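Student: Could we take a close look at just one part of this protein? I'd like to see how two pieces of it pack together.

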Amino acid sequence: MSLRSERTKWVMFLPCSGIEADFRHVADLVFGVMCLEKAGVNPQDIFIYIDSPGRNFDGAFISASTHGFVSKPTPEFFNDLVANGYDNLVMFVTGHGGPDGIDAAQPITPNQLLKALKSAPNLKNAIIYLGQCFAGTFNFVSAGRKSKDDASPDVILVGATNLQESLSHGTTETFITGEQFPWSANVFLLHVFKWMSSPTDVDGDGIYTVMDSYKHAGIFTNMINKKIKNDGFSDILDMHAECGRLKKLSAVVSGVPQVDFQNQLDYNASQVKYDNLLAIHHVNQECWILNSRPAQLIEF
């Protein structure tokens, strides 16, 4: 079966517990909309859900489409599922994640999402790309059909990372206005979207499938993460030396309070930078897929 030949709902999903969503996460979705339209997806079939009561980001999508998108808060996604009329659903999740699930006013748990998808009327297949940190909390759940008589949809879950953070990295992409726009992109979702706009047959079976999108995004995510760590290693060494220098300087009492206070501030700031570099260096991001059999059969 093909997502393009059947009625498919394409969902851009950004939950947030705060008053305003991070713009970098919005930019992920703006780029995704452009890639889907470039691939021939009807904008009428693209739905955007963003939690951001303090600031409306709908105007950002004019960089990606001539269609006037109007976003809804993410609870409306679950309400809309109750009246679902689509055969398939493809969902891209960005934002933050943690041990409780996807960050939202009420964290979205794996069980909540899976239960809503499984009970949606008319739905045959759901493909969920999870870009948030600790996406592995959604792994190892009952995503497939239990038997041949099970009428619930097959749910395919594709995670940017397992039980660790999901890394972002600076990119610059050209939007439909011709403008080049830089932002710190979710590396995994960036390459899922790029695959959507120009799919490749990674496994060589002659068809462009969900499995190909996972393999493509996973390969490029690992390549970029390796480059981030390689490039950052020399920065770690330099910052380690700088921390040592500033620590010694802050330990010397000059007798001038302003100077002593500034030395302590400089040391504390360098320690924070050093800790952040170490944290990124030790993140072991590994992409994963659950319910891989239908992922090999569902064509883009």
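Student: How are H1 and H4 oriented relative to each other, roughly parallel or roughly perpendicular?

Tutor: Before we dive in, this is a predicted model, where local features need pLDDT of at least 70, side-chain atom pairs count only at pLDDT 80 or more, and totals for chains, interfaces and linings use all residues. Residues are numbered from 1 along each chain as its sequence is written, and side-chain values use heavy atoms, with hydrogens and water left out.

Now the helices (DSSP runs of H or I, at least four residues, numbered from the N terminus). Two packed helices are described by the angle between their axes and the distance between the axes. Helix H1 covers residues 23–38 and helix H4 covers residues 187–197; they pack at about 15°, with axes 8 Å apart. Those axes are lines fitted to C-alpha atoms over the stretch in contact, and angles run from 0 to 180 degrees between N-to-C directions. H1 and H4 are therefore roughly parallel to each other, a label for angles under 35 degrees.

Who touches whom? On the H1 side, the contact (heavy atoms within 4.5 Å) is made by Asp28, Phe31, Gly32, Cys35, Leu36 and Lys38, and on the H4 side by Leu190, Phe193, Lys194, Met196 and Ser197. These residues divide into six nonpolar, two polar and three charged. Here Ala, Val, Leu, Ile, Met, Phe, Trp, Tyr, Cys and Pro count as nonpolar, Asp, Glu, Lys and Arg as charged, and the others, Gly among them, as polar.

Leu190 turns up again elsewhere: threonine 171 is in contact with Leu190, leaving aside its neighbours within four places in sequence. Threonine 171 is found in strand E8, residues 168–174 (a strand is a DSSP run of E, at least two residues).

Methods: Parallel < 35°, antiparallel > 145°, perpendicular 65-115°, else oblique.
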